[in-house]
Amino acid sequence: MNKGPRAMKISVIISIISSELKLEQEAIEIIQSFTDKCKNFAVVVVVGKYRTGKSYLINQVLLQQNQGFNVGSTVNACTKGLWMWSDIIYFESGRSKEPIPAILIDTEGIGSLEEEQNHDVKIFLLAMLMSSYFIYNSVGTIDDMALQNLGLIVNLTKMLQKTDESTQKDLFETFPSFLWILRDFTLRLEDEFGNKITPKDYLENALKPLKGFSETIENKNKIRRHITQFFQERDCMTLVRPTQDEKDLQHLSSLKFTELRTEFQEQLTALRKKFSYKISLKQYKGKPTTPFSFVEMCKHFVNTINEGNMPVIETQWQMICKQELNRTLIGGLKIYKDSIDELLQQNGVSQEQLEKSHHIVLQPIYLQFVRKVKYYLENNCLDKESEEFSTAKKMIKQQIQELYVDAQQRLNKKHEEQLEEIKIQFLNKLNEQQQQENIWELVVELNQKQTMIWNSGANQNLQIDYIQQIQQNVMNKIQYEFKKLSLQLKQQCDNGNQIQEDIKEQKQRYKKQEADLYEKITQMEKDKNQLRVELESEKNKNLRQQQQILQSQTTVDNKVSEYMNKLKQIERSYNDQLNEKDVLIQNSELKQKQYQNELDKVKALQKQQDNLNQQEIANLRREIERLKDEISDKSETITKLKQSLAETENVSQYSSLQPSRRIKNQDEHNTSTFNKDLYEYQISTLQAQLDEQKKLTQNLFDAFNSQNNLQRSIYDNMSQSQNMMNNNKLYQFLNVIHQLIGQFVGKTDEREGKDFKSLIQKLFNLFEDNDNSFINNNLTDRPKLKNSESQRIEKTMSSESPKNSNLSNCQNINPFRSPDQPKYQNTKMTIMQMFMQHKNKEKDQEKLRKSAQLENVLKNRNNMHVQRKMC
Ligand SMILES: Nc1nc2c(ncn2[C@@H]2O[C@H](COP(=O)(O)OP(=O)(O)O)[C@@H](O)[C@H]2O)c(=O)[nH]1
Ligand SMILES: [Mg+2]
């Protein structure tokens, strides 16, 4: 027996799913793979109720290792059934020199509560049928209960009842060696006389029929009978509890062999020896089974048990072989038929080719069949002299011959059909031919069809027959066509005569028409020549015109290109200028804005000045009115004085005439002379005052007019400034002011010019205001008058009347007294700046005007350009 642990998996060989047995494909493949290792083998199956230590026993005794089949745990319910160790195990046999290969099978599920008894029977039966060594495992002694548990066999008998006697006999012979192992056995094995007995004796004693005739005893004896009947070679072994420790029992697999009870160890060793001695190959009728036949057996068992029948042992080999042979035969015949069918589908296959293919296809099929038969013979599945073998051989020969004959007939039929089809095709073609000239096409067609017939592969006689048929048809057709053509020819000859006559007539008609046409042609020829000449001249004329046009066109083109170049140059220069102008325009706009701001300021100033002037004029008018009133008062006084003077003179004349009164008159005359002198003095004084007043009035008028002129001049200048920002005018205006001021300043030392001072002062103030505001607004670097100073001047101006105006006050603030004073210089500077600004403005306007002109020129040029393009 092999020693040492092996790491091999276990595979389910037959599983039970929903009471249906299934031989697993994996197990089939494993068993078939054993063919390489061994020819024959033993099959050991351990059966017994669940959790009776079966798996542990196999691991310890058969595998001699702790790990192997699952111990202590049942596998999933769905995989319950028979489990196989996936490798061959070799046992040293006491009987033969060679170690015996064996397949180990464990069972699961017998006696489990949830399973039906039928299920247990199936496993039990399968185990018995498959095994060469049947180990029944149970706990305790062989008492009635133990035998009852083995009563499953009773159920087996029920199934056996369905079989005939010979089958039963065969089955019994097929049943394996039986070993009953009693676990946790504590009894002392002694007979009734106290003699030591062997476990086998103990078994035999237990199987002895009980005495009595009661039904119970009969039932018990029945079981005993069946056991002895089924298991003709039987033995028994007892094993004590492996360990005294209850806890260790739960995990026996983890204990080493030496840790087990010594007695148990001894018993296991003894069991291994017995096992080696007893193990034998699985065989039938003295012939060992092979992996192949074992698989076939298993298939047969599974199928028949699933069908609810008892496997027929005797005939199963023959049946399997027969079935297998049949299968091989059917497969071979199918291959043969398919190959021949494929060949027959091709065109042009001859009988010779069919025969050749028949032999070619047949050879591998026959070889396979022979191989199979040989295999069956080798595996004792077939008897060389058996009827099945000779029948199978005959059958395959016969069936293939039948198929071959069938194929020959089919090929013949196919050839006939092909030739018939060729013939029909040709006849159709023949009937379609109506034209005489296509007869030659028929000959070509005939040749083609003949070739097709030759290539059809049909029998030569058949081919000749068909070719003759076709040729005959052609001949008939040609004869028919010939007759038809003869008739047609005759008719055509008649028609030809008629046509000849018609042609003669027609010829004459044509001659006449020809003469007419000749004339017409001659005339047309003349016309044609004339037309040609005209056409020629016209053509020349046109040519000349075209040349001229071409020349002019070339000139025009040159000019156009020249103009275009010029235009491009102009455009470039214009664009440059435009760009410059754009820059200038932008600058001008900026400046224009500045001027506009200045203009607004000047307007505001002018408005302010207007108000002041209005006030001043009103004051002057009031002054004039007052002076006028004064003059009229003085005139009245003079008139009165003159009257009184006249009266006085009258009185003096009267007194010279009357001496009495002369003295008196002398006094009066003295008084009147005095009065007269007084009056004359008064008159002269008044006259002087009057003249002075008149002069003053005149001066005031002049001043008023000057003021008006000044104002008008300011207005003119301002309006000009407004309109054109003409600072030149402003300069003139300032000059005028300056001159006016100069005139007035020249008169400041004159007595009568005293009143002018105030005017000058006012004018100056006017100028000063204008100047200040202008300068304050426009020349930031110029020193400004302090507010207090300007207020003081304003106050002085408003409080001053022409009569009490104080020149010294005015002189203090008058900038024109000394023209070198900064204020005057600044004024001059302002005027100069204004002038320059005006000049710049003029320049800008000039630029704008020029750019407008340029724009117009460009517009005109573009228009010309567009018009030219359109032309
Ligand atoms: N009492 C006793 N227990 C055992 C013996 N052999 C194995 N066992 C224990 O019984 C349980 C079931 O063993 P197992 O081999 O799986 O039983 P199986 O169901 O019949 O295959 C395990 O816990 C084992 O440790 C034995 O000889 N005596
Ligand atoms: Mg188990």
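Reader: How many residues surround ligand 1?
Author: This is a predicted model. In the model, the closest residues to ligand 1 are R51, S55, G72, D184 and L249. They belong to a surrounding set, and the count for that set is 17 residues.

Reader: How do the residues of that shell divide into nonpolar, polar and charged?
Author: Each residue of the shell around ligand 1 falls into one of these groups. The charged group holds 5. The other two groups hold 6 each, so by the sorting rule that counts Gly as polar, the shell comes to 6 nonpolar, 6 polar and 5 charged.

Reader: Which helix gives the most to the shell around ligand 1?
Author: Two helices each supply at least two residues of the shell: α2 (54-62) and α9 (246-250). The top contributor gives 3 residues. That helix is α2.

Reader: What is the distance from an oxygen atom of ligand 1 to a polar backbone atom of R51?
Author: Oxygen atoms of ligand 1 pair with the backbone at several places. For G53, a backbone N or O atom lies 2.9 Å from a ligand oxygen. For Y56, a polar backbone atom is also 2.9 Å from an oxygen of ligand 1. For R51, the value is 2.7 Å.

Reader: How much of the accessible area of ligand 1 does the protein cover?
Author: Start with ligand 1 on its own. Its accessible area is then 570 Å². The protein covers a share of that area, and the share is 90%.

Reader: Is R51 buried or exposed?
Author: R51 is found in the loop between β3 (42-48) and α2. Its phi is near 55 degrees, a positive value in a residue other than glycine. Its relative accessible area is 57%. The cut-off for exposed is over 50%, so R51 is exposed.

Reader: Is Q64 buried or exposed?
Author: Q64 also has a positive phi, near 50 degrees, and is not a glycine. Q64 is found in the loop between α2 and β4 (81-85). Its relative accessible area is 19%. Buried means under 20%, so Q64 is buried.

Reader: Which helix gives the most to the largest nonpolar core?
Author: The largest nonpolar core has 57 residues. Among those with the most contacts inside it are I13, I105 and W180. The top helix gives 8 residues to this core and spans residues 117-130. It is α3.

Reader: How many residues are in the second, separate core?
Author: This core stands apart from the largest one. It includes V12, I181, V240 and F264. Its total is 33 residues.

Reader: Why does I223 count as buried?
Author: I223 has its place in helix α8 (residues 215-230). L207 is 16 residues away from I223 in sequence, and their C-alpha atoms are 8.7 Å apart. Buried means under 20% relative accessible area. I223 counts as buried because its relative accessibility is 7%.

Reader: Why is Q463 buried?
Author: Q463 lies in helix α16 (residues 460-657). Leaving out residues up to four places away in sequence, Q463 touches L419, I453, W454, S456, G457 and A458. Q463 is buried because its relative accessible area is 5%.

Reader: What share of the residues in the chain is buried?
Author: The secondary structure of the chain comes to 22 helices and 11 strands. The chain has 871 residues. The buried residues among them make up 40%.

Definitions and conventions
Residues are numbered from 1 along each chain as its sequence is written. Chains are lettered from A and ligands numbered from 1 in the order in which they are written. This is a predicted model: local features need pLDDT of at least 70, side-chain atom pairs count only at pLDDT 80 or more; totals for chains, interfaces and linings use all residues. Side-chain values use heavy atoms; hydrogens and water are left out. A residue is near a molecule or strand if one of its heavy atoms lies within 4 Å of it. A polar contact is a pair of N or O atoms within 3.5 Å; within protein, one must be able to donate a hydrogen and the other to accept it, and residues adjacent in sequence count only if both atoms are side-chain atoms. Accessible areas come from the Shrake-Rupley method with a 1.4 Å probe; for residues, only the protein chains shown count as cover. Helices (H or I, at least four residues) and strands (E, at least two) are DSSP runs, numbered from the N terminus. Buried means under 20% relative accessible area, exposed over 50%, partly exposed in between (1.4 Å probe, protein chains only). A nonpolar core is a set of buried Ala, Val, Leu, Ile, Met, Phe, Trp, Tyr and Cys residues joined through side-chain atoms within 4.5 Å. Contact means heavy atoms within 4.5 Å.
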